[in-house]
Amino acid sequence: MIKLIGTNAGLVWRALSKAGRMSVKELKKETKLRTDKELFAAIGWLAKEGKIESGEKDSEIYFWLLQ
């Protein structure tokens with residue numbers, strides 16, 4: 001399970017690296033992760049490592065990489 005979360009975190013990191021700021025919906029589509037659980041576990045991994053930031057605009061949550 002830990003290995004899968006790390007792999008998914010890599011997918012999220014690459015998507016954000018390429019596109020910049022992305023919504024949850026955009027991330028899910030770009031990474032092809034099937035469940036919210038998979039996506040948010042990956043986001044949590046990146047957050048714990050201090051590599052990701054989030055914000056909200058118009059009731060939508062966005063994520064982007066920290067420089």
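This passage describes the overall fold of a predicted model and then turns to helix α3.

The protein contains three helices and three strands, which follow one another along the sequence in the pattern α-β-α-α-β-β. Its radius of gyration is 11 Å, close to the 11 Å given by the globule rule for 67 residues, so the protein is as compact as a globular protein of that length. The C-alpha trace extends over about 35 × 25 × 20 Å along its principal axes. Of the 67 residues, 33% are buried. Among contacts with a separation of 6 or more, 48% join residues that lie 24 or more positions apart. The surface exposed by the protein comes to about 4,800 Å², and carbon and sulfur atoms supply 53% of this area.

Helix α3 offers a good place for a closer look. This helix runs through residues 36-48, and at 1.5 Å a residue its 13 residues should span 18 Å; the end C-alpha atoms are indeed 18 Å apart, in agreement with that expectation. Its buried residues are Glu38, Leu39, Ala42, Ile43 and Leu46. These residues cover an arc of only 130° around the axis, and therefore sit on the same side of α3. Their packing partners are the helices α1 (2-19) and α2 (24-31), together with the strands β2 (52-57) and β3 (60-65). On the face of α3 turned away from the buried side, the exposed residues Lys37 and Lys48 are found. Just after the helix comes glycine 50, which adopts a positive phi of about 70°.

Notes: Residues numbered from 1 in each chain as written. Predicted model: local features only at pLDDT ≥ 70, side-chain atom pairs only at ≥ 80, totals over all residues. Heavy atoms only, no water. Helix = DSSP H or I, 4+ residues; strand = E, 2+ residues; numbered from the N terminus. Expected span 1.5 Å × (residues − 1). Buried < 20%, exposed > 50% of the residue type's maximum accessible area, 1.4 Å probe, protein only. Arc of directions from axis to C-beta. Contact = heavy atoms within 4.5 Å. Rg over C-alpha atoms; globule rule 2.2 N^0.38 Å. Areas by Shrake-Rupley, 256 points an atom, 1.4 Å probe, with all protein chains shown as cover.
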